[in-house]
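Please open the model in your viewer and keep the selection panel at hand. The stops below are meant to be taken in order, each beginning with something to select.

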Amino acid sequence: MPQPPNFFQRIRYSIFPGTLRTEKVREGYRRLFNSLLLHFRPRSVPEDTLRWTLTWGLGGMAVVLVFLLLGTGVLLKFVYQPIPEKAYESILHLQRDVLFGRLIRNIHHWSANALIIVAFLHLLRVFFTGAFHTPRQFNWVVGSASFLVILFSNFTGYLLPWDQLAFWAITICTGGLEYIPWIGLWLQKLIQGGPEVGPATLSNFYAIHTAILPAFLLILMPFHFWRIRKAGGLVIPRGPEQSAGDRGQTVPAIPDLLLREIVVALALLASVLVFSMLFNAPLGDKANPGLSPNPTKAPWYFMGIQEMLLHFHPLFALFVIPALMLIALLALPYINFQLNTAGVWFASTKGRRMALIAGVAAVIGTPLGILADEYLIEVAARLPAIPTWITNGLVPLAVLSAVIVAFYVFMQRKYAAGNTEAVQMVFVLLLVAFLVLTVTGIWFRGTGMKLLWPWNMGILTG
Ligand code: HEM
Ligand code: HEM
């Protein structure tokens with residue numbers, strides 16, 4: 001005759017009803033749990049995919065940073081107040097009076113910035129190891145969506161401290177929205193909650209930042225991991241002579257994979273902690289809508305676009321070019337590539353060489369283009385009768401596109417390369433050009449967004 005459960009057992013059974021069942025039923029529960037878990041985690045992995053130089057642990061680092069942001073973000077909510085009269089003071093109070101308040105803000109700030117870099121490097125590793133082809137195409141799209149969510153999380157978070165930096169950076173960014181055809185002004189009003197950045201913008205950004213975007217991320221991430229499992233795990237490095245189905249030697253995920261993940265996670269946590277102890281998140285003067293700083297700059301991750309604004313008509317710099325880039329990013333895995341390797345950095349030796357040439361061409365060509373536009377070319381002034389969106393938008397874009405197509409055809413013929421290497425080369429060209437624009441915008445633009453030279457940057461004169 002079985003004993004009736006005592007008080008504590010009754011509590012336990014109410015939480016884990018499975019433990020009340022027979023051994024056979026319990027085994028069923030265990031299997032169900034395991035098979036749910038196996039939708040995300042493999043039991044064994046090909047040894048080749050554990051190679052450090054395949055992933056650099058970047059996807060795992062992004063996961064750690066996201067959880068660090070969720071954790072510190074929730075803590076910040078205990079003190080932060082999303083109204084203009086109190087937001088800035090609540091940050092001061094957090095830093096001065098709350099135990100570990102400054103550290104938590106620093107961790108949130110630096111993890112957020114690190115996440116953009118880590119997720120972007122992860123995107124590059126996936127691209128350059130060709131890990132976005134079938135059956136991983138849709139996961140590239142899911143990853144890209146996650147990257148956009150990360151960018152917008154950073155962007156909405158940027159306003160929250162309500163200092164001069166935050167107020168004016170967001171003002172110029174939302175100001176640019178009006179150049180989106182047809183819906184621009186409506187979208188601007190919707191996001192700002194009114195005709196300009198003010199109390200409604202702050203509460204909008206706060207709700208989007210602390211509820212909507214984290215929810216998106218928490219949906220996209222498990223989906224991303226599930227798709228990795230469905231693709232049979234990470235891309236397995238394979239040369240032209242190896243067959244596609246060969247998984248090579250496999251090893252158990254626990255401990256081989258788990259141990260590596262733990263090492264990466266702990267090393268990253270330690271680095272973020274030390275960095276946050278040494279460097280404080282910036283905080284300027286309280287926002288003053290009547291006094292704009294000069295120059296007013298966008299957050300650093302949008303500086304490439306702001307720099308473009310100095311060279312193209314706003315319709316092109318703020319809408320046409322970013323939209324084309326986004327479409328290209330999403331469509332990339334659906335191009336019909338000629339492939340005979342997988343998981344090999346830059347696809348082949350030829351691919352590596354072509355990428356290097358494209359990188360060097362962009363490092364030299366972009367600054368020359370910036371200088372020429374700054375000091376030599378003034379098409380709009382010479383042709384005042386033609387609208388500037390043609391002279392400063394359509395024409396330069398058409399010229400640049402023609403240069404890129406000519407470069408593509410020339411290099412493909414010269415190296416007798418397939419389209420995998422050639423598309424990769426154009427990707428590198430655009431990527432490096434954008435990075436040069438970003439660096440120029442961040443470090444080489446001063447008052448009135450005029451170009452800064454080393455002698456007027458104070459580097460030579462001290
Ligand atoms: C991908 C996730 C996230 C990113 C990239 C991110 C980014 C940022 C950034 C860049 C700031 C400005 C920090 C500063 O310089 O002061 C910020 C502030 C803030 N975030 Fe997040 N955040 C994320 C998730 C969250 C979550 C999940 C919450 C809460 C549920 C949250 C709550 C806050 C609060 C309350 C502030 C204002 C405090 C402050 O500015 O220091 N964040 N966030
Ligand atoms: C929140 C941001 C992201 C997180 C947390 C994340 C996480 C991960 C993890 C943990 C992996 C497996 C390990 C690794 O490759 O390092 C992975 C693989 C992958 N990720 Fe991401 N990822 C993110 C963003 C992205 C982005 C921006 C892209 C591309 C646009 C992307 C595309 C992929 C693809 C295609 C794979 C499979 C790679 C393969 O099979 O080798 N992910 N991701």
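What follows is a tour of a predicted model, going from the two ligand sites to a helix and then to some details of the backbone.

**First stop: the iron of ligand 1**

Select ligand 1 together with His108 and His209, whose NE2 atoms are the protein donors of its iron atom and lie 2.0 Å from it. The six donor atoms around this iron subtend angles of 88 to 179 degrees, and the arrangement is therefore octahedral. The pair links distant parts of the chain, since His108 belongs to helix α6 and His209 to helix α10, 101 residues apart. If you colour by accessibility, His108 should appear as buried, at a relative accessible area of 15%, and His209 is likewise buried, at 16%.

**Second stop: the surroundings of ligand 1**

Now widen the selection to the 22 residues around ligand 1, of which Arg105, His108, His109, Gly157 and His209 come nearest. Show the side chain of Arg105, where an N or O atom is 2.8 Å from an oxygen atom of the ligand. With the two histidines still displayed, you can also find a polar side-chain atom of His108 at 2.8 Å from a nitrogen atom of ligand 1, and a side-chain N or O atom of His209 at 2.8 Å from a nitrogen atom of this ligand.

Which helices each supply at least two residues of this shell? They are α4 (58–77), α6, α7 (137–159) and α10, and α4 gives the most, with six residues. Coloured by class, the shell divides into twelve nonpolar, eight polar and two charged residues.

**Third stop: the iron of ligand 2**

Move on to ligand 2 and select His122 and His224, which coordinate its iron atom through their NE2 atoms at 2.0 to 2.1 Å. The site is octahedral, with angles of 88 to 179 degrees among its six donor atoms. Because His122 lies in helix α6 (residues 101–128) and His224 in helix α10 (residues 199–230), the pair ties together parts that are 102 residues apart in sequence. His224 is buried, with a relative accessible area of 16%.

**Fourth stop: the surroundings of ligand 2**

Extend the selection to the 25 residues that surround ligand 2, the closest of which are Gly59, His122, Arg125, Arg136 and His224. Three polar contacts deserve a look here. In the first, a polar side-chain atom of His122 lies 2.9 Å from a nitrogen atom of the ligand; in the second, a polar side-chain atom of Arg136 lies 2.6 Å from an oxygen atom of ligand 2. For the third, display the backbone of Val235, a polar atom of which is 3.0 Å from an oxygen atom of ligand 2.

The helices α4, α6, α7 and α10 each supply at least two residues of this shell, and the largest share, seven residues, comes from α7. By class, the shell around ligand 2 has 13 nonpolar, ten polar and two charged residues.

**Fifth stop: helix α17**

Leave the ligands and select residues 419–443, which form helix α17. How far apart are its end C-alpha atoms? They are 36 Å apart, and this agrees with the 36 Å that the 25 residues should span at 1.5 Å a residue. The helix is mostly covered, in that 19 of its 25 residues are buried.

**Sixth stop: backbone details**

Select Ile254 and Pro255 and look at the peptide bond from the former to the latter, which is cis, with omega near 15 degrees; Pro255 is found in helix α11 (residues 253–278). Another cis peptide bond joins Asn294 and Pro295, with omega about 0 degrees, and Pro295 is placed in the loop between α11 and α12 (303–309).

Next, select Trp56, a residue other than glycine with a positive phi, near 55 degrees. Trp56 sits in the loop between α3 (52–55) and α4, where it counts as partly exposed, at 37% relative accessibility. Then select Trp162, for which phi is also positive, near 55 degrees. Is Trp162 buried or partly exposed? At 5% relative accessibility it counts as buried, and its place is in the loop between α7 and α8 (164–176).

**Last stop: Pro135**

Finish with Pro135, in the loop between α6 and α7, which counts as partly exposed at 46% relative accessibility. Draw a line from its C-alpha atom to that of Lys450: the two residues are 315 residues apart in sequence and 48 Å apart in space.

Methods:
Residues numbered from 1 in each chain as written. Chains lettered and ligands numbered in written order. Predicted model: local features only at pLDDT ≥ 70, side-chain atom pairs only at ≥ 80, totals over all residues. Heavy atoms only, no water. Donors = N, O, S within 2.8 Å, 3.2 Å for Na, K, Ca; no water. Tetrahedral: all angles 85-135°; square planar, octahedral: opposite > 155°, others 65-115°. Helix = DSSP H or I, 4+ residues; strand = E, 2+ residues; numbered from the N terminus. Buried < 20%, exposed > 50% of the residue type's maximum accessible area, 1.4 Å probe, protein only. Near = heavy atom within 4 Å. Polar contact = N/O pair within 3.5 Å; in protein donor to acceptor, adjacent residues only side chain to side chain. Nonpolar A, V, L, I, M, F, W, Y, C, P; charged D, E, K, R; others polar. Expected span 1.5 Å × (residues − 1).
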